[in-house]
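Please look over the structure shown here, then read the walk-through below it.

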Amino acid sequence: MMKKRLISLSLVTAMAGSLAACGGGAATDTTAAPAGDTTAAASSEAESTVAAAEGQTVLKWAMWDKDLTVYYQPLIDAYEAAHPDVKIEMVDLGSSDYQTVLATQLTGSGSDFDVVAVKDVPGYTTLVNKGVLEPLDDYIAKDGVDLTAYKGLTDQIKVDDKLYELPFRSDFWVLFYNKDIFDAAGVDYPTNDMTFEQYDALARSVTNDTPGQEVYGAHYHTWRSAVQLFGILDGKHSIIDGSYDFLKPYYEMVLAEQEDGVCQDYATLKTSNLHYSGAFSQGNVAMMNMGTWFIATLIEKVKSGEYADCANWGMVKYPHAEGVEPGSTLATITSLAIPTSAKNKDMSWDFVKFVCGEEGADILASTGTIPAIMTDDIANMVASIEGFPADDTSKDALQTSNLYLEMPVHAKSSEMETVLNEAHDNIMSGNSTIDEGIADMNEKISAILAE
């Protein structure tokens with residue numbers, strides 16, 4: 001195991017460029033994730049070469065945003081130092097159309113990639129369906145890789161009970177809060193073990209609807225994931241079930257909060273296009289559910305003085321239903337896979353295992369990136385960033401129990417996403433009742449599943 005490194009102050013800005021939200025009704029946090037230059041990226045494979053010494057094997061790694069992502073080179077440097085007979089060549093396929101370009105190259109005759117990064121679940125499903133990814137199960141069994149370290153994520157990305165990728169990055173949802181609002185109200189801070197009933201009561205206890213002095217106890221961004229995915233934290237339901245009656249209590253809670261002024265009006269947020277970071281930074285939002293990608297933005301903007309009204313922030317684990325284990329939350333992942341066309345599969349697997357294992361996780365954390373594996377040591381490393389809250393509760397919020405993908409693996413996930421987004425918009429804006437919206441989801445998703 002390589003020696004763990006503390007995070008330097010200079011990495012905070014780089015961290016902001018490495019964290020992004022994706023999938024499940026969420027969207028990229030444009031304040032934290034700059035897009036790469038994709039103009040020349042598609043042709044970069046032919047131009048990208050590394051100098052290999054005699055006897056060295058070159059592994060070609062397909063990824064995006066090579067020059068904007070802080071963790072690629074440290075991962076490569078560490079692996080090459082431990083494996084002097086291997087050189088890793090990065091091939092940047094660009095960011096915006098990465099999965100499309102990757103699928104095109106892997107299904108063509110000219111690809112010689114040994115390892116590929118997989119950006120999202122729909123892209124992963126496409127590659128598996130095209131038969132261009134190697135199953136990893138035999139490698140995992142041979143080397144005794146402990147999949148429990150991924151806290152349920154690997155079970156959710158199996159296709160026909162086979163695993164074709166391993167996660168190395170994972171952002172997950174937490175509850176951010178403004179300590180100053182709770183201090184002013186004389187109310188205790190949120191905790192790492194709150195039921196939805198306790199969370200709702202806490203949000204109401206700090207709400208102030210006095211005109212000109214409004215304080216919102218909670219804030220929900222307009223993504224469907226901010227409301228709908230509360231319902232899958234019990235592990236009994238999935239957003240692709242085809243039956244959505246389980247969502248009703250969560251819509252009832254949020255719409256009641258909206259009616260009582262506990263949270264801002266959805267239609268107003270939609271019309272104004274208010275970004276969640278803008279809402280929280282105004283200093284009148286007590287709690288906001290959002291992904292860990294927002295940590296980087298908060299640290300950077302507070303340090304610059306731009307977010308002075310929420311500088312005293314903290315975070316806790318996601319609220320949960322009665323009887324559900326605290327720390328159960330939603331996740332987005334970035335993974336590595338081996339193409340079926342790879343010429344050095346055993347060596348490719350060794351690199352995948354390194355990046356996606358604890359050694360890779362240490363390196364990712366040292367660059368301010370949230371790894372798929374979160375141990376106590378790695379959590380300590382992330383929490384050591386200057387600007388991360390000093391309280392133990394915020395640090396403990398980095399440790400999760402059960403992670404559920406925002407959008408699970410399914411061949412028709414894109415079609416279902418459209419239906420779920422439309423129904424969410426209609427319910428939250430009052431164009432339909434909760435029952436009507438859920439009936440619409442049940443009918444349309446069932447039809448898609450039946451096709």
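The following paragraphs cover confidence, the core, a helix and a pocket.

This is a predicted model, in which local features need pLDDT of at least 70, side-chain atom pairs count only at pLDDT 80 or more, and totals for chains, interfaces and linings use all residues. Residues are numbered from 1 along each chain as its sequence is written, and side-chain values use heavy atoms, with hydrogens and water left out. The chain averages a pLDDT (the predictor's confidence in each residue, from 0 to 100) of 88, and 88% of the residues score at least 70. Over residues 1-48 the pLDDT is below 50.

The largest nonpolar core (buried Ala, Val, Leu, Ile, Met, Phe, Trp, Tyr and Cys residues joined through side-chain atoms within 4.5 Å) has 146 residues. Buried means under 20% relative accessible area, with a 1.4 Å probe and protein chains only. Trp61, Leu133 and Phe176 touch the most other members. Strand β6 (residues 166-178; strands are DSSP E runs of at least two residues) gives the most to this core, with eight residues.

Helix α16 (residues 358-366; helices are DSSP runs of H or I, at least four residues, numbered like strands from the N terminus) has seven of its nine residues buried, so the rest of the structure largely encloses it. Among the buried residues are Asp362 and Ile363. Gly368, just after α16, takes a positive phi of about 85°.

Both α15 (345-356) and α16 supply at least two residues each to the lining of the second largest pocket. The largest share, four residues, comes from α15.

Key: Buried < 20%, exposed > 50% of the residue type's maximum accessible area, 1.4 Å probe, protein only. Contact = heavy atoms within 4.5 Å.
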